[in-house]
Amino acid sequence: MQTILVCDDDKQIVEAINIYLTGEGFEVIKAYDGYEALEHLEDHEVNLMIVDVMMPGLNGYQTCMEIRKKSNVPILFLSARTQVEDKIMGFSSGGDDYLPKPFSYQELISRVKALVRRYHVYQGSGRRTQEEKMCSGALEVYPEAGTVWKNGKEISLTDTEFSILCTLMKHRKQIFSAEHLYEAVWEETYYYGAANIVMVHIRNLRSKIEDDPGKPRIIRTIWGRGYRCD
């Protein structure tokens, strides 16, 4: 059974999400502020976190940044703030997806299942295996194990970052437009503003895998066209 931690200071929303998710066979852990969510994360194995943005104490973005210090569990933000800038803030803090309020039951379940599926596919064993690997200079990517190594050290990526990296490395020299990359990784229709979301994730990924993120050699930007892995 997959476990989902739901964090929102509105108890009615938490209970509604709990009903939706348990009806789909998920186990739900409830939290009503960021500090409580962090405590639960220490005590439970969690497959996904659903976090409200506007909360007292630690807001959703701050909670996400604290989570990213210790875990790559997928994070789905909920927020009534739907400007592109708000979404970029969420992805910059380490979030994987962003669902505007109010949302439908079908949309919530769809996003949850997609994130859990990606996490399950790319969740690493923490060890390199004898499987076929993909390399770019000192960077080694093991798709089956879900791990990335550079100069003998494992690099911690979110499942979204790992999915982007694998997609580009599996199709060397192919240029992916922001639209193509978004639809390949997020598995949903491209929409206005998604290019900025892709850009933020690429920037976060480069900060982890490139020797000099300002002059990337692994993931290159082809101006006016998209991204390419050489």
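Three elements, α8 (194–209), β10 (219–222) and β11 (226–229), each bring at least two residues to the lining of the second largest pocket. Keep in mind that you're looking at a predicted model. Helix α8 gives the largest share of that lining, three residues. The pocket holds about 210 Å³ of space, and its lining includes A178, M199, R206, I222, W223 and Y227. Here's how the lining splits by class:

| Class | Residues in the lining |
|---|---|
| Nonpolar | six residues |
| Polar | three residues |
| Charged | two residues |

A178 is a handy link to the next stop, since this pocket-lining residue is also one of the buried residues of helix α7 (residues 178–186). The others are L181, Y182, V185 and W186. Looking down the axis of α7, you'd find its buried residues within an arc of 100 degrees, so they line one face of the helix. Just after α7, E187 has a positive phi of about 55 degrees.

Now for the inside of the protein. Nonpolar side chains tend to be buried together in soluble globular proteins. Here, the largest nonpolar core has 49 residues. L181 from α7 is among those with the most contacts inside this core, along with M49, L139, V141, L165, I209 and I219. Helix α8 turns up again, giving the most to this core with seven residues.

What is I219 in contact with, leaving aside its neighbours within four places in sequence? The list is L165, L168, I202, L205, R206, I209, E210, Y227 and R228. Two of these, R206 and Y227, also line the second largest pocket.

Apart from the largest core lies another one, of 17 residues, including V6, L48, I109 and V116.

Conventions:
Residues are numbered from 1 along each chain as its sequence is written. This is a predicted model: local features need pLDDT of at least 70, side-chain atom pairs count only at pLDDT 80 or more; totals for chains, interfaces and linings use all residues. Side-chain values use heavy atoms; hydrogens and water are left out. On a 1 Å grid over the protein atoms alone, a cavity is a set of points where a 1.4 Å probe fits but cannot get out, and a pocket is an open set with protein on both sides within 12 Å along at least five of seven lines; lining residues have an atom within 4 Å of a point. Grid points are joined across faces, edges and corners, and a volume is the space filled by probe spheres set on the points. Helices (H or I, at least four residues) and strands (E, at least two) are DSSP runs, numbered from the N terminus. Ala, Val, Leu, Ile, Met, Phe, Trp, Tyr, Cys and Pro count as nonpolar, Asp, Glu, Lys and Arg as charged, and the others, Gly among them, as polar. Buried means under 20% relative accessible area, exposed over 50%, partly exposed in between (1.4 Å probe, protein chains only). The arc is that of the directions from the helix axis to the C-beta atoms. A nonpolar core is a set of buried Ala, Val, Leu, Ile, Met, Phe, Trp, Tyr and Cys residues joined through side-chain atoms within 4.5 Å. Contact means heavy atoms within 4.5 Å.
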